[in-house]
Amino acid sequence: MEFIVEKIGMSRTVGEKSIPVTLLKIVPAKVCEVKEDGKALVAYPKGKKVNKPIEGMQKKYGLSKEFNRFVELKVANTEAGDLSLEPLNEAKKVKITFKSKGRGFQGVVKRYGFGGGPGSHGSRFHRAPGSIGNCEFPGRVMPGKKMPGHYGNKNVTVNAEVVEFNPDMGVLVIKGSVPGANGSLGKIRIVK
């Protein structure tokens with residue numbers, strides 16, 4: 001079963017042994033149409049963007065204006081209506097997918113952890129990547145070479161352990177950290 005979640009932030013458990021945890025809020029969603037393979041078309045609210053195709057989908061499925069995003073998820077529901085949160089009560093492990101924080105164009109020291117060169121004594125090799133290719137053979141830079149470039153803002157999936165689920169507040173407590181910025185939307189999938 002899959003769910004859309006919003007990252008609230010990190011905290012820790014209060015007890016004999018404190019555990020760092022991440023709080024994820026389950027985004028309210030409505031199942032519009034159930035397909036035969038267990039997947040369904042699900043609508044959820046995100047921002048205020050509405051255009052004619054979205055208005056048409058809202059009219060077709062009888063949704064309010066707030067439900068303005070659509071995605072296909074594997075759900076427990078057998079018919080249209082509110083997304084069932086029942087499977088989260090027994091969930092022990094989940095796979096979480098978020099977009100990592102975007103850091104823009106970065107050099108090799110920050111992007112890959114290169115060591116760099118000496119900082120003084122006339123050295124002119126500080127944070128540069130160094131040699132990147134060979135001379136006559138192969139006479140080119142090999143594909144996959146670690147170079148400066150865009151860092152972050154990619155989908156990252158991690159396995160995580162569920163500490164607790166509060167169905168009244170719709171908050172899922174996950175052990176450890178989760179990629180992505182606070183307030184960003186992601187997806188969770190129940191593994192077992």
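**View 1. Ser 123 sits in a loop of this predicted model.** Start with the stretch between helix 2 (108-112) and strand 9 (149-151): that loop is home to Ser 123. Is Ser 123 buried or exposed? Its relative accessibility is 19%, and because the cut-off for buried is under 20%, Ser 123 counts as buried. Follow its side chain and you get to the backbone oxygen of Pro 118, 3.3 Å away.

**View 2. Lys 30 pairs up with Asp 82.** Side chains of opposite charge can pair when their charged atoms come close. The model has two salt bridges, and here is the one between Lys 30 and Asp 82, with the closest N and O atoms 2.7 Å apart. Lys 30 belongs to strand 3 (residues 30-34) and Asp 82 to strand 6 (residues 81-82), so this pair links distant parts of the chain, 52 residues apart. Lys 30 is partly exposed at 28% relative accessibility, while Asp 82 is exposed at 53%.

**View 3. Lys 35 and Glu 72 form a salt bridge too.** Here the N to O distance is 2.6 Å. Lys 35 comes from the loop between strand 3 and strand 4, and Glu 72 from strand 5 (residues 69-74), so the salt bridge ties together parts 37 residues apart in sequence. Both partners are partly exposed: Lys 35 has a relative accessible area of 31%, and Glu 72 has one of 38%.

**View 4. Here are the two ends of helix 1, with Asn 51 and Gly 62.** What caps the N-terminal end of helix 1? That's Asn 51, which places a side-chain oxygen 3.1 Å from the backbone nitrogen of Ile 54. Now hop to the residue just after the helix: Gly 62 takes a positive phi of about 65°.

**View 5. Gly 47 is out in a loop.** You'll find Gly 47 between strand 4 (39-44) and helix 1 (52-61). With a relative accessible area of 64%, Gly 47 is exposed. Look for Glu 66 as well: 19 residues separate Gly 47 and Glu 66 in sequence, and their C-alpha atoms are 8.2 Å apart in space.

**View 6. Positive charges gather in a patch on the surface.** Which residues make up this patch? They are Lys 39, Lys 74, Lys 187 and Arg 189. To get your bearings, pick out Lys 187 in strand 12 (residues 185-190). Lys 187 is partly exposed, with a relative accessible area of 31%.

Methods. Residues are numbered from 1 along each chain as its sequence is written. This is a predicted model: local features need pLDDT of at least 70, side-chain atom pairs count only at pLDDT 80 or more; totals for chains, interfaces and linings use all residues. Side-chain values use heavy atoms; hydrogens and water are left out. Helices (H or I, at least four residues) and strands (E, at least two) are DSSP runs, numbered from the N terminus. Buried means under 20% relative accessible area, exposed over 50%, partly exposed in between (1.4 Å probe, protein chains only). A polar contact is a pair of N or O atoms within 3.5 Å; within protein, one must be able to donate a hydrogen and the other to accept it, and residues adjacent in sequence count only if both atoms are side-chain atoms. Patches are made of residues with over 30% relative accessible area and no salt bridge: like charges are joined within 9 Å, nonpolar side chains (Val, Leu, Ile, Met, Phe, Trp, Tyr) within 5 Å. Accessible areas come from the Shrake-Rupley method with a 1.4 Å probe; for residues, only the protein chains shown count as cover. A salt bridge is a side-chain nitrogen of Lys or Arg within 4 Å of a carboxyl oxygen of Asp or Glu. Lys and Arg count as positive and Asp and Glu as negative; His and the chain ends are not counted. The place of a charge is taken as NZ of Lys, CZ of Arg, CG of Asp or CD of Glu.
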